[in-house]
Every structure is written in C-alpha cells, then in structure tokens.
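Good morning, and thank you for coming. Please look at the sequence and the model as they appear on the screen.

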Amino acid sequence: MTPQTIKVACSNCNLRELCMPVGLNPEELARIDDLVATRRKVKRRETLFRNGERFTSLYAIRTGVFKTRVASEDGRDQVTGFQMAGEIIGLDGIVNDHHTCDAVALEDAEVCVMPFDRIEELSREVTSLQRHVHQIMSREIVREHGVMLLLGSMRADERLAAFLLNLVERLHARGFSKSELMLRMTREEIGSYLGLKLETVSRTLSKFVDDRIVEVDMRNVRILDADALRRMINPTV
C-alpha cells in the first residue's frame, strides 16, 4: 500500500468537526469512514486538479494550503480563492462533471479523497450528510458574494484588511493564534485575488506597518491592532 492509498478514519481525525457533519451516531460515522477511501499527498506547486479535468471527487484538505485559479481572457492567471485544512475543494466540478479551475498546493499538502458518487449515494441515507453538503455549497456562494463586494466597492486598504482578518479568523478556528499567521501565498497571489497590483499590496502592507497595525517579517505577519483593521472595513465598529 502506497502513502497515497492509506485508509482514512474520519472518526479519529482532529479536523472532523470542520469538514464533516456533527452529531452523527456511531453507525453513521462508520459509514462516512467508508466514504473517505484514500489520502493523497500533493507536493508544493503541484496541481490537485486542473481546469477541464473530469470531476470525480471532492477533496477535504487535511494539511496544507491551496489556491484555486482560472485563466483570464488575456491569458493571465486569476486567483479565485485560498483553501486550508478542514475545507472542501472541488465543488466547481459538480455543475458539468468537469473542473472549471486549477487547484495548486502552496505548500506540501495532504487531502482526503471523497468520491462524489458515494457522497450522493450516502447523502440519501444519512440526512445530516446531505444537509452538510448543502451547507458547504451555500458557504461557497456566500464567499463568492463576499469577493464580489470586496472587489466592487472597497479601497485597497479595506481589501487587504478584510483579507488579513478573514485569514487569521479561519486559522484561529483551526487552533492557531488569534493574531499571528504565516502567509503561504505570495504578495503577487494576494494581489491577484484582491484585484490589486503587486506594488499596491506591498505599499498598503508597508503603511499598515508604519501605522503600527501589523508587524511583518518576510511572510510572518503579526496583527497588533485588529480593531484598526475592522474600522477600515466598517467605520462604525
């Protein structure tokens, strides 16, 4: 048995509450254990799936961080999201049985492979799983709306403030610090996601440092004044 085909047990995973339904009885949990058949290791800069590739599975990120990207009309890559441990990726493939973006590992990563035909089959029998899949899809729609708001109406400093707060809150939900994070993505990738030029991201981040809102050491960021970031997004806070 290779490392890519090690059996996974969701019942013993410390990320279970993030990517699987809560409140399952032992029998339901055992059935979901059978749903997640394998783990797959993805090296840094390797692609988990590509645009146009046939859709077969959803992937629960066990370790590591991914970015999703699409090619814009002028041929440049547009980053559409960053995903981390406990999150599900691959939902883009459900609509027409083919993926519509690339998913690239930003560091060495590992995912749990969940064949979608098994998810559909089991969802009909375990209603909490069906509801959980719907919640994941709904969360993705809400995220898309948030990105549209971010790109459509916010200044550069507001966009970067919202990005940093979102990132640290997601990491904190996984047991990490409330105020410190390591950026696994480059500033250019952040700019692509936020609709900003690389120079604008660097200049805005430097201003945050000058204003004693954050400290930056290479890719390590420490948030000194989270309230200041929140006030940029919502002055009434």
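I shall speak about confidence, then two sheets, then a pair of helices.

This is a predicted model, in which local features need pLDDT of at least 70, side-chain atom pairs count only at pLDDT 80 or more, and totals for chains, interfaces and linings use all residues. Residues are numbered from 1 along each chain as its sequence is written, and side-chain values use heavy atoms, with hydrogens and water left out.

The confidence score, pLDDT, is given by the predictor for each residue, from 0 to 100. Its average over the protein is 86, and 90% of the residues score at least 70. Over residues 1-7, pLDDT stays under 50.

Let me turn to the sheets. Helices (H or I, at least four residues) and strands (E, at least two) are DSSP runs, numbered from the N terminus. Two strands pair if DSSP finds at least two bridges between them.

One open sheet has four strands in the order β2-β7-β4-β5, and the pairing is antiparallel. Because β2 (47-49) and β5 (77-84) stand at the edges with a single partner strand each, one side of each is left without a neighbour in the sheet. From one strand to the next, the twist averages 30°. Angles here run from 0 to 180 degrees between N-to-C directions, and axes are lines fitted to C-alpha atoms, for helices over the stretch in contact.

Within this sheet, β4 (residues 65-71) is joined to β5 by seven bridges, and the two run antiparallel. K67 has F82 in β5 as its bridge partner. Helix α6 (residues 187-194) packs on the sheet and touches β4 and β5, its direction making about 105° with that of β5. Contact means heavy atoms within 4.5 Å.

A second open sheet has three strands, ordered β9-β11-β10, again with antiparallel pairing. Its edge strands, β9 (180-182) and β10 (214-217), each pair on one side only. Four bridges connect β10 with β11 (residues 220-223), and V214 stands opposite I223 in β11.

Which helix crosses α6 at roughly 110°? The answer is α5 (residues 156-172), whose axis comes within 11 Å of that of α6. The two helices are therefore roughly perpendicular to each other, a term for angles of 65 to 115 degrees. At their contact, R159, L160 and F163 in α5 meet I190, Y193 and L194 in α6. These residues divide into five nonpolar, no polar and one charged, where Ala, Val, Leu, Ile, Met, Phe, Trp, Tyr, Cys and Pro count as nonpolar, Asp, Glu, Lys and Arg as charged, and the others, Gly among them, as polar.

Note on methods. Parallel < 35°, antiparallel > 145°, perpendicular 65-115°, else oblique.
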